[in-house]
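Open the model in your viewer and keep the sequence panel visible. The stops below go from the whole chain to single residues.

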Amino acid sequence: MANASEFVGVSVSPKAPHPINCPMDQIFVMKQVALAAPLKPGAAAVLSVHTASINAVLCTLRPGSEQAVCEVAFAPEDEAKLVVTGATVHVCGSLVPNEDPEIDSDFSEEDADLLEDAIIGPSDEEESGEE
């Protein structure tokens, strides 16, 4: 079955990062994140992804917003780890074959530079036109 997918559900605890491990011929497509237990008013759980090239917040969950749709794809070469602060969360998604040319997890240096510019603004060299 070329298009078969396999459901994956994991708990991510603030105690330790959770590495995203998938076979070399598959990608993990995260779909949803939910609090594992109710939180006290004012508390929050923040889920982030850490890779060699980027650390990014994926979602923040709190009372009244206990779950979030968060569709992000990770390939084995991303060496991604999910990190949560505040409270344990449940993450669900699917392992899917990495055959779709539309799903390309290669994150080039140029892509990283564009993302960095969007988040923190262009560097001084870029602003002055220097290269």
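What pattern does the protein follow when read along the sequence? Colour the chain by secondary structure and trace it from the start: the pattern is β-β-β-β-β-β-β-β-α-α. That makes 8 strands and 2 helices. Keep in mind that this is a predicted model.

**Confidence**

Next, colour by pLDDT. The average for the protein is 84, and 77% of the residues score at least 70. Select β7, where confidence is highest, at a mean of 97. Then select residues 124–128, which form helix α2; here confidence is lowest, at a mean of 56. Where pLDDT is low, the predicted coordinates should not be read in detail.

**The whole chain**

Show the surface. About 8500 Å² of the protein is accessible, and carbon and sulfur atoms hold 51% of that area. Of the 131 residues, 31% are buried. Now turn on contacts and leave out pairs with a separation below 6: of the contacts that remain, 79% link residues 24 or more positions apart.

**The open sheet**

Select β2, β7, β4 and β5. These 4 strands form an open sheet in the order β2-β7-β4-β5, with antiparallel pairing. The edges are β2 and β5, each of which pairs on one side only.

Walk across this sheet one pair at a time:

- Strand β2 covers residues 18–19 and is joined to β7 by 2 bridges; look for H18, which stands opposite L82 in β7.
- Between β4 and β7 there are 5 bridges, and the two strands run antiparallel; S48 has V83 in β7 as its bridge partner.
- Between β4 and β5 there are 6 bridges, again antiparallel; A45 has L61 in β5 as its bridge partner.

**Strand β8 and its partners**

Now select β8, residues 89–97. Is this strand largely enclosed or exposed? It is largely enclosed by the rest of the structure, because 7 of its 9 residues are buried.

Add β1 and β3 to the selection. β1 runs antiparallel to β8, and 7 bridges join them; E6 stands opposite L95 in β8. β3 also pairs with β8 in the antiparallel sense, over 9 bridges. In that pairing, A34 has H90 in β8 as its bridge partner.

Zoom in on S94, which lies in β8. Its relative accessibility is 17%, so S94 counts as buried, the cut-off being under 20%. Leaving aside residues up to four places away in sequence, S94 touches S5, E6, V8, I27, F28 and V29.

**The nonpolar core**

In soluble globular proteins, nonpolar side chains tend to be buried together. To see the case here, show side chains for F28, M30, V33, L47, V89 and V91. The largest nonpolar core has 24 residues, and these six touch the most other members. At least two core residues come from each of β1, β3, β4, β5, β6, β7 and β8. Which strand gives the most to this core? That is β3, with 4 residues.

Finish at V91. Which residues does V91 touch, not counting those up to four places away in sequence? Its contacts are V8, G9, V10, V12, F28, M30, Q32, V33, L47 and L82. Select V91 together with these residues to end the tour.

Conventions: Residues are numbered from 1 along each chain as its sequence is written. This is a predicted model: local features need pLDDT of at least 70, side-chain atom pairs count only at pLDDT 80 or more; totals for chains, interfaces and linings use all residues. Side-chain values use heavy atoms; hydrogens and water are left out. Buried means under 20% relative accessible area, exposed over 50%, partly exposed in between (1.4 Å probe, protein chains only). Contact means heavy atoms within 4.5 Å. Accessible areas come from the Shrake-Rupley method with a 1.4 Å probe; for residues, only the protein chains shown count as cover. A nonpolar core is a set of buried Ala, Val, Leu, Ile, Met, Phe, Trp, Tyr and Cys residues joined through side-chain atoms within 4.5 Å. Two strands pair if DSSP finds at least two bridges between them. pLDDT is the predictor's confidence in each residue, from 0 to 100.
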